[in-house]
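Student: I would like to go through this model one feature at a time. Please give the reasoning behind each answer.

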Amino acid sequence: MIRLFSLQEMADDLKLPPAVVALWATDGYIPYVMKDGLPLFDPVAVRKHIAKQLNELNKIDDGNTTDTTTN
């Protein structure tokens with residue numbers, strides 16, 4: 001079972017300010033679940049989601065079709 005990360009832990013893991021992680025979550029850029037009024041993050045799901053988004057941007061930006069998503 002994967003332990004869910006708090007907002008601060010996810011920010012530390014991504015090396016981003018907590019405000020950026022909160023903004024990305026509310027904008028739908030990274031997946032999260034709400035529990036007791038607080039967002040919780042599955043770090044594996046977040047990394048896969050970010051990798052998928054980066055792959056899509058790479059395809060749009062420079063035509064690169066190399067897939068960096070991990071399974």
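Student: How many aromatic pairs does the structure hold, and is the pair of Tyr32 and Phe41 stacked, edge-to-face or tilted?

Tutor: This is a predicted model, and the structure holds one aromatic pair. The ring centres of Tyr32 and Phe41 are 6.1 Å apart, and the ring planes meet at 45 degrees. Planes under 30 degrees apart would count as stacked and planes over 60 as edge-to-face. The angle of 45 degrees fits neither class, so the pair of Tyr32 and Phe41 is tilted.

Student: Which residue is buried, with a relative accessible area of 0%?

Tutor: Buried requires a relative accessible area under 20%. Tyr32 has 34% relative accessibility and so counts as partly exposed. The residue with a relative accessible area of 0%, and therefore buried, is Phe41.

Student: What is the phi of Lys15, and where is Lys15 found?

Tutor: Most residues other than glycine have a negative phi. Lys15 is not a glycine, yet its phi is positive, at about 60 degrees. As for its place, Lys15 is found in the loop between α1 (7-14) and α2 (18-26).

Student: Is Lys15 buried or exposed?

Tutor: The cut-off for exposed is over 50% relative accessible area. Lys15 has 72% relative accessibility, so Lys15 counts as exposed.

Student: Which residue in the loop between β1 and β2 has a positive phi?

Tutor: The loop in question lies between β1 (33-35) and β2 (38-40). The residue has a phi near 55 degrees and is not a glycine. With a relative accessible area of 74%, it is exposed. The residue is Asp36.

Student: Are α1 and α2 roughly parallel or roughly perpendicular to each other?

Tutor: The two helices pack with their axes 8 Å apart, at an angle of about 105 degrees. Angles of 65 to 115 degrees count as roughly perpendicular. α1 and α2 are therefore roughly perpendicular.

Student: How do the residues of the contact of α1 with α2 divide into nonpolar, polar and charged?

Tutor: On the α1 side, the residues are Leu7, Gln8, Met10, Ala11 and Leu14. They meet Pro18, Val21 and Ala22 in α2. The division is seven nonpolar, one polar and no charged.

Student: How many salt bridges does the structure hold, and which residue does Asp13 pair with?

Tutor: Side chains of opposite charge can pair when their charged atoms come close. The structure holds two salt bridges. In one of them, the side chains of Arg3 and Glu9 meet with an N to O distance of 3.1 Å. In the salt bridge of Asp13, the closest N and O atoms are 2.7 Å apart, and the partner is Arg47.

Student: How many residues apart in sequence are the parts that Asp13 and Arg47 tie together?

Tutor: Asp13 lies in helix α1, whereas Arg47 lies in helix α3 (residues 43-62). The pair therefore ties together parts whose separation in sequence is 34 residues.

Student: Are Glu9, Asp13 and Arg47 exposed or partly exposed?

Tutor: Exposed would need over 50% relative accessible area, and buried would need under 20%. Glu9 has 29% relative accessibility, Asp13 has 27% and Arg47 has 40%. Glu9, Asp13 and Arg47 therefore each count as partly exposed.

Student: Leaving aside its neighbours within four places in sequence, which residues is His49 in contact with?

Tutor: His49 is found in helix α3 and is partly exposed, with a relative accessible area of 23%. The C-alpha atoms of His49 and Tyr29 are 8.0 Å apart, with their positions 20 residues apart along the chain. Leaving aside its neighbours within four places, the contacts of His49 are Gly28, Tyr29, Ile30 and Pro31.

Student: How far apart in space are Lys48 and Ile30, C-alpha to C-alpha?

Tutor: Lys48 is also placed in helix α3, and its relative accessible area of 36% makes it partly exposed. Lys48 and Ile30 are 18 residues apart in sequence. In space, their C-alpha separation is 9.5 Å.

Student: Which pattern does the protein follow along the sequence?

Tutor: The protein has three helices and two strands. Read along the sequence, they give the pattern α-α-β-β-α.

Conventions:
Residues are numbered from 1 along each chain as its sequence is written. This is a predicted model: local features need pLDDT of at least 70, side-chain atom pairs count only at pLDDT 80 or more; totals for chains, interfaces and linings use all residues. Side-chain values use heavy atoms; hydrogens and water are left out. Rings of Phe, Tyr and Trp (its six-membered ring) pair if their centres lie within 6.5 Å; planes under 30 degrees apart count as stacked, over 60 as edge-to-face and the rest as tilted. Buried means under 20% relative accessible area, exposed over 50%, partly exposed in between (1.4 Å probe, protein chains only). Helices (H or I, at least four residues) and strands (E, at least two) are DSSP runs, numbered from the N terminus. Axes are lines fitted to C-alpha atoms, for helices over the stretch in contact, and angles run from 0 to 180 degrees between N-to-C directions. Angles under 35 degrees count as roughly parallel, over 145 as roughly antiparallel, 65 to 115 as roughly perpendicular and the rest as oblique. Contact means heavy atoms within 4.5 Å. Ala, Val, Leu, Ile, Met, Phe, Trp, Tyr, Cys and Pro count as nonpolar, Asp, Glu, Lys and Arg as charged, and the others, Gly among them, as polar. A salt bridge is a side-chain nitrogen of Lys or Arg within 4 Å of a carboxyl oxygen of Asp or Glu.
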